[in-house]
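Biologist: I'm new to this one and would love a close look at a single part of it. Could you start from one residue and work outward from there?

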Amino acid sequence: MAHQNHDHDSGSESNNNETRFYNPYKDLEVPIRNLYQLPTSPEHLFVEEARRKHRSWGENLTFYTGCGYLAGAVGGAGVGLVEAVKAFESGDTAKLRINRVLNTSGHSGRVWGNRLGVIGLLYAGIESGIAEARDTDDVWNSMAAGLGTGALYRAARGVRSAAVAGAVGGVVVGVALTAKQALKRYVPI
C-alpha cells in the first residue's frame, strides 16, 4: 500500500491521499472464485466408499464414540449434581456446596462419559465389521451390533451378564431405530 503526497503546480501540498489496494492474487493466473469454491459433496479416498450412501467406518467410529461420550458426560454431570445436592449438610458454606457440586458432577460426568464412549466405540466397530462382512447396510446390522456390543461390554462379568446385556443392547438399538423411522415419517423436518 502506498501513501503518496503529490505537489500540484501551485506549489501547495494537498492532503489528497491516493491509495492502491494490495492484491496477493494479482500475479496468479487463477481466478479468485476458483480458490474459494469448495465442493458440496463429500470427497472419498476410495471409489467404493463414494458409491455407498452411508458414513464410512471412520466417520461411524468418530460419530458414535463422540456422541456416546458427550451424552454420558452430560448425563453423568446431572447425576453428580443430584448426588451433591443430596449430600449437602446444614453447616456447609456456599463455597463448600459449590465445590461439592463441581467435584461430584465432574467425577460422575467423566465416569459416565467414558462408559458410554466405550460402548459407542464397540458399537461402531461391530456395526462396520458386520456391514463389511455382509456387504449390505440394513437394520439387521444395527440390531446385531447392539446385541454384540452389550454382550462384549459385559463379557468379563460372566456368560449370564453378557447374555442379558446383549439382549438389552439389541432392544435398545431396536427401539432407537423404530423411533428414528417414526420421526422421519411423522415429523416434517
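Is Asp 92 buried or exposed, and what is its relative accessible area?

Modeller: Happy to, but keep in mind that this is a predicted model. Asp 92 is buried: its relative accessible area is 13%, and the cut-off for that word is under 20%. Across the protein, 18% of the 189 residues count as buried.

So who is the partner of Asp 92? Its side chain meets that of Arg 100 in a salt bridge, with 2.9 Å from N to O. Arg 100 sits in another accessibility class from Asp 92, because its relative accessibility is 24% and it therefore counts as partly exposed. In short, this bridge joins a buried acid to a partly exposed arginine.

Now a quick step back to see where we are. The protein has six helices and zero strands, so if you read along the sequence you get the pattern α-α-α-α-α-α. Helix H3 covers residues 57-86, while helix H4 covers residues 94-134. With those ranges in mind, let's see how the helices pack.

A word on the vocabulary before the numbers. Two packed helices are described by the angle between their axes and by the distance between those axes.

Take H3 and H4 to begin with. Their axes come within 5 Å and cross at roughly 155°. Angles over 145 degrees count as roughly antiparallel, which is why H3 and H4 get that label. The crossing in which H3 passes H4 is right-handed.

You can also follow this pair residue by residue. Val 79 is in helix H3 and is partly exposed, at 31% relative accessible area. The C-alpha atom of Val 79 is 9.4 Å from that of Trp 112, although 33 residues separate the two along the chain. Leu 116, for its part, lies in helix H4; at 31% relative accessibility, Leu 116 counts as partly exposed too. Its C-alpha atom is 7.7 Å from that of Thr 65, with their positions 51 residues apart along the chain.

Next, follow H4 onward. Helix H4 packs with helix H5 (residues 139-153) at an angle of about 135°, their axes being 8 Å apart. That makes H4 oblique to H5. This crossing is right-handed.

The loop between H4 and H5 deserves a stop, since Asp 135 lies there. Its phi is near 60°, a positive value in a residue other than glycine. Unlike our starting aspartate, which is buried, Asp 135 is exposed, with a relative accessible area of 56%.

The second salt bridge is in this neighbourhood of the sequence. The model has two of them by the rule used here, and this one joins the side chains of Arg 134 and Asp 138, again at 2.9 Å from N to O. Arg 134 is partly exposed at 41% relative accessibility, and Asp 138 is also partly exposed, at 25%. Compare that with the bridge we started from, where Asp 92 is buried.

Finally, the last stretch of the chain. Helix H6 spans residues 159-186. Ser 161 is found in H6 and counts as partly exposed at 25% relative accessibility. Ser 161 and Ala 151 are ten residues apart in sequence, and their C-alpha atoms are 7.8 Å apart in space.

Further along H6 you reach Tyr 186, which is exposed with a relative accessible area of 61%. Together with Leu 183, Val 187 and Ile 189, Tyr 186 forms a nonpolar patch on the surface, and the four have about 490 Å² of accessible area together. That takes us from a buried aspartate to an exposed tyrosine.

Definitions and conventions: Residues numbered from 1 in each chain as written. Predicted model: local features only at pLDDT ≥ 70, side-chain atom pairs only at ≥ 80, totals over all residues. Heavy atoms only, no water. Patch = residues over 30% accessible without salt bridge, like charges linked within 9 Å, V, L, I, M, F, W, Y side chains within 5 Å. Areas by Shrake-Rupley, 256 points an atom, 1.4 Å probe, with all protein chains shown as cover. Helix = DSSP H or I, 4+ residues; strand = E, 2+ residues; numbered from the N terminus. Buried < 20%, exposed > 50% of the residue type's maximum accessible area, 1.4 Å probe, protein only. Axes fitted to C-alpha atoms, helices over the stretch in contact; angles between N-to-C directions. Parallel < 35°, antiparallel > 145°, perpendicular 65-115°, else oblique. Left-handed = near helix turned anticlockwise from the far one by under 90°.
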